[in-house]
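Colleague: I'd like to go through the labels on this one with you. Can you show me how each is earned?

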Amino acid sequence: PPASQNNEQGSTLRDLLTTTAGKLRLGSTDAGIAFAPVYSTGTASGKSGRTMPNILDDIIASVVENKIPPNKAPKINVKSEIKDEPKDDKKCIQDDCSKRYSDIQYSWICDKHVLWLRDHKNSNNWKLFKECWKQGRPVLVSGMHKKMNFSLWKAESISLDFGNQQADILNCKDSIISNTNVKEFWDGFEDVSKRQKIKNGETALLKLKDWPSGEDFKTMMPARYEDLLKSLPLPEYCSPEGKLNLASHLPGFFVRPDLGPRLCSAYGECVAATKDHDIGTTNLHIEVSDVVNILVYVGIAKGNGVLSKSGVLKKLEEEDLDDLLRKRLKDSSELPGALWHIYAGKDADKIREFLQKIAKEQGLEVLPEHDPIRDQSWYVNKKLRQRLFEEYGVKTCTVIQFLGDAIILPAGALHQV
């Protein structure tokens, strides 16, 4: 486009927002809602004055629905959208939701830190979800596999269709990455005798990381891509075309985060068998965007050196679980597949300080530029999780992900699997 047009549209987020704020005058109904620019009252030099909007929250906070002239009906009725909003979000979350959302099947787990939506088909789920989401709480939606074509996601099916592809495979025990044929990974998914051995004769604990991802996923696996998209929970938020999916509606000239989808697959039962549960398939880290993780398949491996299903259940029962999760473990119709430990984003600095402290205790070199969370260098085992709580007051939210469960995490939430 011409340079003049570029200047008008703006090439940065700041330009776009300030230009838009100037165009959408109070009372304008062109956009359905009215925006007023938000200015700070000070400058870097300490002098009073007005500076331009500097963060997206300021712009969002500037929506003033009562400034729209009463004789002009806006395209979006903001009042009708918010008239039933509770004045106290926390009170709704803890006390009043059962009255306001009596048509939704849900429970609270992890000391009311995680919302569990139990009926994935309920079209009103998003109303309760948004109450929880604006407080930065994780959400669990169960039963997503009932909407999917299960045969597409079996290990043998993927191996048959894509076994000749090359991909990076990580051995979680020694952190060695190798580029190899994916058939080798999938053939050992449920048959331990076909798995790789490492130098000391132990069975390798492999993870096929982010294969395929993004556009490669859509190109390589169109049937699975379509099956996944039609089965996404809370499509208003999670679908690429969702009206509340902010990232998918950003203008094309923004650099967007990789929104996937991507396939993450790993051998898991060997983790449960390790002493102190000190190995994970995904170390503690933070994502830069919201994450939806659906457990589409759980395999039960056979052979020497792996726990039986009952053995895995016994190991999971040793975790710090709430009553509802323990009840799900005893339900024969439920199949557990992944163990998550989740932390609120506000605890990131405490966790970072704690891990650096533990590294020094273990005689490891801690460089000034080293960030244990960014580097994904730690899986926090049970003993360390207890110390983290006792010494820093940071409590772990432990969630078991069963077949068909979708775990939705807000950006900034720390987690390991």
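Modeller: Sure, let's start with Asp371, which has a relative accessible area of 14% and is therefore buried, as that word means under 20%, with exposed over 50% and partly exposed in between (1.4 Å probe, protein chains only). Before we go on: this is a predicted model, where local features need pLDDT of at least 70 and side-chain atom pairs count only at pLDDT 80 or more, while totals for chains, interfaces and linings use all residues. Residues are numbered from 1 along each chain as its sequence is written, and side-chain values use heavy atoms, leaving out hydrogens and water.

Colleague: What makes Arg352 and Asp371 a salt bridge?

Modeller: The closest N and O atoms of Arg352 and Asp371 are 3.0 Å apart. The rule asks for a side-chain nitrogen of Lys or Arg within 4 Å of a carboxyl oxygen of Asp or Glu, so the pair qualifies. Arg352 sits in helix H15 (residues 348-361) and Asp371 in the loop between H15 and helix H16 (382-392), 19 residues apart. Helices here are DSSP runs (H or I, at least four residues), strands are E runs of at least two, and both are numbered from the N terminus.

Colleague: How many salt bridges does a search of the whole structure find?

Modeller: The search gives 15. One of them joins Asp405 and Arg328, with the closest N and O atoms 3.1 Å apart. Asp405 lies in the loop between strand S13 (397-402) and strand S14 (406-409), and Arg328 in helix H14 (residues 323-329), so this pair ties together parts 77 residues apart in sequence.

Colleague: Are Asp405 and Arg328 buried or exposed?

Modeller: Asp405 has a relative accessible area of 0%, so it is buried. Arg328 comes in at 5% and therefore counts as buried.

Colleague: And why is Glu391 called partly exposed?

Modeller: Glu391 is at 36% relative accessibility, so it falls in the in-between class. Arg387, at 24%, also counts as partly exposed. Their side chains meet in a salt bridge (2.7 Å, N to O), and both lie in helix H16, four residues apart, about one turn of the helix.

Colleague: Which residues are linked with Arg387 and Glu391 in a network of salt bridges?

Modeller: Lys357 and Glu361 are linked with them in that network.
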